[in-house]
Structures are given as C-alpha cells and as structure tokens.
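Hello,

As promised, I am passing this structure on to you. Please have a look at it first, and then read my notes below.

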Amino acid sequence: MELDIIDVSKNDRRPAPARSVPRERRPQQKGQVDRNRGGNPGTGRDPGRSPRRNPQRGQNGNIRRVSDRDLDRNMRRMPDRNPGRQFDTDSGRRGNRIPEREPVQAPHSRSGSAPVRRRSEDRRQQQERIRRKKKRRRQKAAVRAGAVFLLIAIIILLIFALVKLISGARERDVVQKVSAVSSVPRKELLKANKSTQKPVITEDFLTVNEFSRPGEELKKVNNIFVHYTANRETSAAQNRSYFENLGITGETSASAHFIIGYEGEIIQCIPLDEIAYAVQKRNYDSISIECCYLSEDGKFTDATYQSLLRLSAWLLKEYKLTPEDMMRHYDEGGKKCPLYYVEHEGAWEQFLRDLEQFIMDQENGSV
Ligand SMILES: [Zn+2]
C-alpha cells in the first residue's frame, strides 16, 4: 500500500515534472499547439509533423527556430515559383482559418518581402507613369510650341507676301503711268538728246536783290519746273520787269530763270548757277520756266509751246535728265500752276510725249 501510495505519489510526482515541463514549454509551443487545434487543411502537414519533431527538437527548445527556418525555406521557394499568386492565396487561407500566432507570424515573415517587392514595383510603376505623363506633357508642349511657331511663320510670310504684292502693284502702276507718257528708255533719250541745240535765248539778268535774285548758288538740278505767269496777255519782257521791280518794292519774293513770251521769245532772268524764287521747297535743286499766255483757261500759244519744248529739251540735255524729270509747279506744293496743265492732266501728259518725240527727232536731225 505504502509502495502503491508512494508509487502513486511518485508517479504523481514523476509526471508532475513531466507536466510541468510541457507547461513551461507550452507558452513557447503555444503557436504549435494552437496550430494543431486549428486542423488547417492547408497546413495539415504541420500538425502531423510538429508532434514528431516536437519531442526531438522540443527537448532542445528549438521548435520556433526550426519552424521559422522551414517557413522561411518555403517562403523562399514559393514566391520564386509564382510570387504574386501564391502569396495571395496562402495568406488568404491562413489569414482566414488560423487567426492565431503562427499564421500571423508566417505571413509576416513570408509576406514581409513580397509586399515590399510589390510596393517597390508599385512605386516603380507609379514613377514610370509619372515619367510617361511628363514625357507626354513635354511632347504636347513641344507640339504646341511648334504649331505656334509655324503659325507665326505663316502669318509673317503672308504679311510679307501681301506687302510685296501691294508694293509690286504700286510699282506696276508707276511703270504703267510712265510708259503711258514715255515709251522710250531713259538711256536712249539721253543719247538722242546729246545733239539738241540751245534755243535762241535773250539773256537779261535781273539785278541781284533779296526779293527776286538773291545770288545764291544753285549746286544741282534734279527737275525742271513749268509755271504760268498768272497774268494773262502780259509779255515776257513785262514779266521780267515785274521781277526786277520786286527788288525795289519788296512786294513779294518771286522770279524764274526763264520767261517764254506768247510769241515764243525766251528771256533769261537768272544765270543757271544761281537759284530763283519759284518753287518754295525746291529752289535749290531745280530750274523754273515761266510761260505767258493769252487764253483765259491758261493754255499756252503754239509759239510758247514750241519754245517750251526746245528750252526744256536743251535743259534736260544740259543736266542729263529726261522728260519724266519735267514737273508742274503744281506737282510740288499743289499750287494751281500752270493752270491749264493742272486742270487738263491729259494735256500735260501730251506735253511730255511731245517733248520725248522732240528729243528723238533731234537725233534724226528733223528738227
Ligand atoms: Zn508757278
């Protein structure tokens, strides 16, 4: 009895330490114990293996490490075979059915690398997307800038073309106007005019005075101006006296280099190397011819007209000019002088054509 009792007590005692050992271990093995309870089909092997391994490794107290290593091995193998899917399904199974430590641990260690990879992949993709977006934006901006540049270039070209077209049209108009008046090239006219003789001119220069003959030098001649006396039926001599008297009366400033009478006589009042007071803004680069007239409308007599042709042709020759350099006082300042050739534009153009013809005839010796 005593033995039995002792045995029992011994037995009781013996197992006690044995129990106490698992009790002590339990907290460590808790995960595995729980796993066994879980009876997870996915981890079904583990509960089977763990009891076998437990006595062996349990004694060493290495259960956790070993299981972790196994898990790690599995983890390393599994994601390598099929990283994305396996992680998802495994974690799903374990997460749902085993809410205890081990499943928590395992996914942690397992999923630890995969989400990181995923995150980094996500980041990479995001960065890639951002890069692409930026690239697209840059491309769009470049395309827009190119389009704007092209548009500006086209507009500039159009404006340039338009300006050229307008100026071309103007030039054509001018050429047409000139050609309507002159059909002979300038060179030819100058050549033909070389043989033009000086008409008969009476030199009766004015006394130098500040109102009609200032005595200032005329350095160049670009145009020949034609005037009318604005005093009908007065002779060339009378008009010369009028200019001469201005020096005494000081009534106004006026004069001209030549006066052509209605009988065709030509009086020169001022030497060709001096200026006359005839065209306000052009006194210093032009020569002026006054013409007498009998007609009320200011039309010149034939004699005056012929003398004007001869004098003009000779002056044009002297200064290497052509009929297109002949001007009405009206053309420089708008004064209605010579009246008839201002009111009859065609008559003026006819005069220029006649002058051209006169010059060409000079060459032929017919005049
Ligand atoms: Zn005038």
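To start somewhere specific: which residue in β5 is the bridge partner of I259? It is E290. Please keep in mind throughout that this is a predicted model.

That bridge belongs to a pairing between β3 and β5, which run in the parallel sense and share 3 bridges. Helix α8 packs on the sheet here, touching β3, β4 and β5, and its direction makes about 150° with that of β3.

Stepping back, the chain contains 11 helices and 6 strands. Of its 367 residues, 26% count as buried. If you take the contacts with a separation of 6 or more, 72% of them come from residues 24 or more positions apart.

Now the sheet. It is open, has 6 strands with mixed pairing, and reads β1-β4-β3-β5-β2-β6 in order. The edges are taken by β1 (202-203) and β6 (326-328); each has a single partner strand, so one side of each is left without a neighbour in the sheet. As general background, strands of a sheet pair through backbone hydrogen bonds, either parallel or antiparallel.

Helix α8 deserves a visit of its own. It covers residues 236-249, and at 1.5 Å a residue its 14 residues should span 20 Å; the end C-alpha atoms are 20 Å apart, so the two agree. Its buried residues are A236, N239, R240, F243 and L246. Seen down the helix axis, the buried residues of α8 fall within an arc of 110°, so they line one face. Their cover includes β3 (258-260), β4 (266-268) and β5 (286-291). On the face of α8 turned away from the buried side you will find I248 and T249, both exposed. Right after α8 comes G250, with a positive phi near 65°.

Finally, the core. In soluble globular proteins, nonpolar side chains tend to be buried together. Here the largest nonpolar core has 46 residues, and those with the most contacts inside it are I224, F258, I260, I289 and C291. If you would like one residue to click on, try I224: beyond its neighbours within four places in sequence, I224 is in contact with S286, I287, I289, S312, L315, L316, L321, D325 and M326.

Enjoy exploring it, and do write back with any questions.

Best wishes

Terms used: Residues numbered from 1 in each chain as written. Predicted model: local features only at pLDDT ≥ 70, side-chain atom pairs only at ≥ 80, totals over all residues. Helix = DSSP H or I, 4+ residues; strand = E, 2+ residues; numbered from the N terminus. Buried ≥ 20, exposed ≤ 12 C-beta atoms within 10 Å, placed from the backbone. Contact = placed C-beta atoms within 7 Å. Core = buried A, V, L, I, M, F, W, Y, C linked by C-beta atoms within 7 Å. Expected span 1.5 Å × (residues − 1). Arc of directions from axis to C-beta. Pairing = 2+ DSSP bridges. Axes fitted to C-alpha atoms, helices over the stretch in contact; angles between N-to-C directions.
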